[in-house]
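Grab a coffee and work through these exercises with the model open beside you. Try each task before you read its solution.

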Amino acid sequence: MKSQRKKLLFLYNELAGYFLACIDKLSMLYDVDIHIVRYPLNPVAPFEFKFNDHVKYYERKNYNRTQIIALAKEINPDFIYTGGWMDKDYIAVSKSFKNIPVVLTSDMPWLGTARQKLASVLGPLYLPRVFTHCWVPGEPNAFYARKLGFKGKRLLMGVYSADYDLFHNYYLQHREAKQKQFPKRFIYVGRYAELKGVRELWKAFIQLQNEQPNEWELWCLGKGDFDAEFPKHEKIKNFGFVQPKDLNKFIEQTGVFIFPTYYEHWGVVVHEFAAAGFPLVCSTTTSAATTFLREAYNGYYTKPKEVSSIGDAMKKIIALDNKALFEMGERSVELSRQITPETWSSNIMNLVNKN
């Protein structure tokens, strides 16, 4: 007798392309029915998504607490994925189900703030009674999750994966050309905002060009509060916001990914460019770098908010020859394989099938 299809409910916040890539892989690999409650898209990051016809979507704004609980009970899921604990109605849904995996996801690393210290006292008394597991991106986030009461088999890693196939295919397309002639261009992809460290990045690059003129350029892809501050410099290019599907030509023409953020809960973009075969330059406060960047192996770390530190890392990069840069990119690809949509899907189905 054929087993009944498993029903999976995702109580999500703002959709992202990498999440949908994981959903696509999940629906491709396993015989499941997928239901997603979603928030409206963010106008600051106007991504264009291709939605899976085999997935049922629900608009969060159309449901109050009573209605969303009723919706969940009608679906009668075998698994619930809850996007954090900020949406109290999502928590109410999670509390309504027993005897199935009910997974809390969290990307918050431990910062030692007063709020986190309080949560580490109160959280273990409440959260493990509502959720069977906590699923986090990596070790900086796992450290906090343990303080909230999730340890051992109740703590899962790898909740975020890049659209691995997309970015790895970019790598494969351009690998031979980059091996012959490595592009002498840094690339930054992200918001133009104070938190992302772009102001320091621009200053560091301009200082480098003034002190040590060279052929390298800095290409920036994004938009944000600092649009008006974008520097007018012949070697710094502003391409604005670019859809992931249109990144190929930029990946072809650039060589080193740089991300000097003040603080990043995770940073899937780091995984994306590792999968695309880029040496990485990231701040020590970029959580994803703990998984995908090893100092002097496939890139360099910078100190957040320090122009001189960013400049020093760029100097190390431009001192390398083509062969060394290419080999760094190869090592990034190696590290990028630690998390994929396949491993993401497997984590879910392992929980479902054990239940």
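**Exercise 1. Work out whether Phe-292 is buried or exposed, then place it in the fold.**

Solution. Start with the accessible area: Phe-292 comes out at 0% relative accessibility, so it counts as buried. The cut-offs here are under 20% relative accessible area for buried, over 50% for exposed and partly exposed in between, with a 1.4 Å probe and protein chains only.

A word on the ground rules before the next step. This is a predicted model, in which local features need pLDDT of at least 70 and side-chain atom pairs count only at pLDDT 80 or more, while totals for chains, interfaces and linings use all residues. Residues are numbered from 1 along each chain as its sequence is written, and side-chain values use heavy atoms, with hydrogens and water left out.

Next, find the element: Phe-292 belongs to helix H10, residues 289-292. Helices (H or I, at least four residues) and strands (E, at least two) are DSSP runs numbered from the N terminus.

Now list the partners, skipping neighbours within four places in sequence. Phe-292 is in contact with Trp-266, Val-270, His-271, Ala-274 and Leu-280, and also with Asn-298, Leu-335, Ser-336, Gln-338 and Ile-339. Contact means heavy atoms within 4.5 Å.

**Exercise 2. Find which strand holds Thr-302, and list what Thr-302 touches.**

Solution. Thr-302 sits in strand S13, which covers residues 299-302. With 2% relative accessibility, Thr-302 is buried. Leave out residues up to four places away in sequence, and its contacts are Pro-260, Val-281, Cys-282, Ser-283, Thr-284, Ser-309, Ile-310 and Ala-313.

**Exercise 3. Count the disulfides, and explain why Cys-134 has no bond to Cys-22.**

Solution. The count is 0 disulfides, where a disulfide is a pair of cysteine sulfur atoms within 2.5 Å. For Cys-134, the closest cysteine sulfur is in Cys-22 and lies 17 Å away, so it is too far for a bond. Cys-220 is in no disulfide either, as the nearest cysteine sulfur, in Cys-282, is 15 Å away. Check burial too: Cys-134 has a relative accessible area of 0% and is buried, and Cys-220 is buried at 0% relative accessibility.

**Exercise 4. Look up phi for Asn-76 and for Ala-296, neither of which is a glycine.**

Solution. Asn-76 has a positive phi of about 55°. Its place is the loop between helix H2 (65-75) and strand S4 (79-83), and it is partly exposed at 44% relative accessible area. Ala-296 also has a positive phi, about 65°. You'll find Ala-296 in the loop between H10 and S13, partly exposed with a relative accessible area of 48%.

**Exercise 5. Decide whether the overall dimensions of the chain agree with a compact globule or not.**

Solution. For 355 residues, a compact globule would have a radius of gyration near 20 Å, and the chain has 21 Å, which agrees. That radius is taken over C-alpha atoms, and the globule rule is 2.2 Å times the number of residues to the power 0.38. The C-alpha atoms fill a box of roughly 65 × 50 × 35 Å along the principal axes. Of the 355 residues, 54% count as buried. Finally, take contacts between residues at least 6 apart in sequence: 66% of them join residues at least 24 apart. The secondary structure tally for the chain is 13 helices and 13 strands.
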